[in-house]
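Biologist: Please take a close look at the enclosed cavities in this predicted model. Which residues line them, and which helices and strands supply those residues?

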Amino acid sequence: MHIAMIAAENGALVGGKVGGIGDVIRDVPIALAQLGHQVSVITPGYQSLAKRNDSALLGALEVSFCGKTETVAIFCVEKTTPVAGKGARKKPPSIVKHYILEHPLFASCGEGAIYCNDQNGPFATDAHKFALFCIAVCQGLIEGRFDKVDVMHLHDWHAALVALLRRYMPAYRDLRAMPAVYTIHNLSLQGVRPLSGHHSSLHHWYPNLAPDLTLIQDPVHWDCVNLMRAGINLSDRVHAVSPNYATEILIPTDHAHGFIGGEGLERDLQSLEADGKLLGILNGCDYHKEPAPHRSRAQLLDLIERSLLAWVGDRHYVPAAHFHAQLRVAQWRRRRKPVSATLSSVGRVTGQKARLLMELVSDGQGGEVCALDKLLADLGDGVFIMLGSGDEFYEHFFTAAMTRHDNFLFLQGFSEDLADALYAAGDLFLMPSSFEPCGISQMLAMRAGTPCIVHEVGGLKDTVENGVNGFSFRGDTPREQAQNMLDTVSLACASTAKPAIWLNLRRNASSARFSWEEAVLQYLDLLYSPLLGTES
């Protein structure tokens with residue numbers, strides 16, 4: 001069959017990835033193609049991807065957007081992948097076609113910027129450009145520009161308007177015969193915009209559209225469209241990226257108890273689940289790539305220093321985080337005392353990933369202190385290295401913590417080489433997410449043989465087994481979760497001094513497998529084939 005993946009990110013292209021969606025859109029097409037299926041990936045180019053990748057111009061589409069005719073260019077990048085399975089040697093390699101749609105609007109926040117830190121209201125700039133992208137995708141599908149597609153697979157709110165246009169715009173009526181699968185990567189980001197009265201609103205994008213508002217309105221703001229809700233209600237199958245997350249999102253969010261669930265959309269999801277249309281399939285990890293080699297302490301510091309220099313190379317000023325990180329690296333080079341344990345963390349610096357580290361806990365002396373300060377004090381001769389960037393508020397919090405604690409290094413940025421090195425270099429990997437639809441960092445750390453300490457939520461619960469291949473914690477309130485996290489870190493650090501227990505944990509972590517090959521078989525059996533009335 002021919003599956004068209006439609007998404008905001010594509011990690012198979014240089015410059016096409018920000019987070020986990022990019023990883024999925026890189027790996028799933030390869031796994032499907034290796035089973036003999038035809039796969040196309042369609043993404044915006046952000047006025048960058050067509051130039052940075054070896055692309056060919058195929059032509060252009062004309063679409064009606066905001067009452068005007070816009071021209072969107074189509075580029076294509078072809079990547080070959082060998083076919084797996086019986087008789088693979090006799091079969092030619094499969095080709096995954098990566099279609100890049102280009103228009104100046106896709107670079108609203110600068111060339112190559114996939115998402116915007118918006119000053120015009122929540123999601124305003126991003127929703128506006130993705131609204132143009134989605135109607136261009138529909139036009140390309142209806143014109144047959146991407147070959148004959150059997151199933152369209154839409155990813156997160158950025159692609160949800162394809163489902164809405166397919167259902168309600170007369171020009172794309174024929175697309176209703178093409179089944180649509182919708183994947184929820186992060187239910188907490190929903191793409192809520194006004195129905196009208198704003199340049200970035202549903203009525204402004206598509207003036208003649210007359211949808212059923214009961215299926216697409218935001219549950220709280222009834223004068224707004226909720227694009228995540230539109231994707232959920234207007235697609236034929238809905239897929240969450242782990243089995244446990246698919247269960248969690250059926251339950252209302254309860255912030256007082258530190259539980260992130262359906263985020264207002266639980267009733268829609270409960271209805272889908274009752275009809276057998278909501279499936280939880282765990283994302284995978286690439287095990288064909290060899291983990292990074294173990295680096296000595298000096299080699300790791302060298303790599304960190306090179307990364308810091310690269311990050312400041314094209315800046316007019318040195319961010320405070322980089323300045324203090326450089327001082328910390330120099331300090332650690334002079335350190336002669338052995339490190340009792342190295343704790344590492346890699347991920348986006350956002351509330352989702354970092355909120356528990358800010359939670360107030362008892363300092364043991366009748367007062368309160370934030371969980372990160374207590375963790376670093378308890379770590380003693382151990383060190384904690386954190387890599388990531390994101391929300392400015394949390395970046396500042398971690399930078400300030402670095403000035404208070406000699407055993408903490410915060411690296412405000414991202415480098416694939418440095419991330420791979422940290423997955424392998426740490427004794428323990430910390431992932432205290434308040435919620436986690438699936439998570440990839442814990443899989444990459446486990447692949448490198450590093451046991452993880454995780455909050456028992458979402459895909460973290462599906463991948464880390466407490467006391468077997470890592471450590472997990474939970475709690476009924478954010479404060480209790482933070483305290484249990486600290487207790488679990490102490491227990492895990494103590495385990496590193498017990499050779500038999502520690503070796504077994506590392507072996508179990510490195511032997512755990514969450515393969516894309518297994519995941520895509522479930523895609524075929526549960527998502528695609530039932531919609532086509534065929535067997536995979």
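**The cavities and their linings**

Modeller: By class, the lining of the largest cavity divides into 11 nonpolar, 4 polar and 2 charged residues. This space has a volume of about 140 Å³, and of the 17 residues that line it, those closest to its centre are S345, G347, R348, K353 and M386. Both strands and a helix take part in the enclosure, since β12 (342–346), α11 (351–358), β15 (383–387) and β17 (428–431) each supply at least two residues of the lining of the largest cavity.

In this predicted model the count comes to 2 cavities of 30 Å³ or more, and the second largest holds about 40 Å³ of space. Its lining consists of P291, A292, D420, Y423, L444, R447 and A448, a set that divides by class into 5 nonpolar and 2 charged residues, with no polar ones. For the second largest cavity, at least two lining residues come from each of two helices, α14 (416–425) and α15 (441–447). Taken together, the description of the largest cavity rests on β12, α11, β15 and β17 as contributors of at least two residues each, whereas for the second largest cavity the corresponding elements are α14 and α15.

Key:
Residues are numbered from 1 along each chain as its sequence is written. This is a predicted model: local features need pLDDT of at least 70, side-chain atom pairs count only at pLDDT 80 or more; totals for chains, interfaces and linings use all residues. Side-chain values use heavy atoms; hydrogens and water are left out. On a 1 Å grid over the protein atoms alone, a cavity is a set of points where a 1.4 Å probe fits but cannot get out, and a pocket is an open set with protein on both sides within 12 Å along at least five of seven lines; lining residues have an atom within 4 Å of a point. Grid points are joined across faces, edges and corners, and a volume is the space filled by probe spheres set on the points. Helices (H or I, at least four residues) and strands (E, at least two) are DSSP runs, numbered from the N terminus. Ala, Val, Leu, Ile, Met, Phe, Trp, Tyr, Cys and Pro count as nonpolar, Asp, Glu, Lys and Arg as charged, and the others, Gly among them, as polar.
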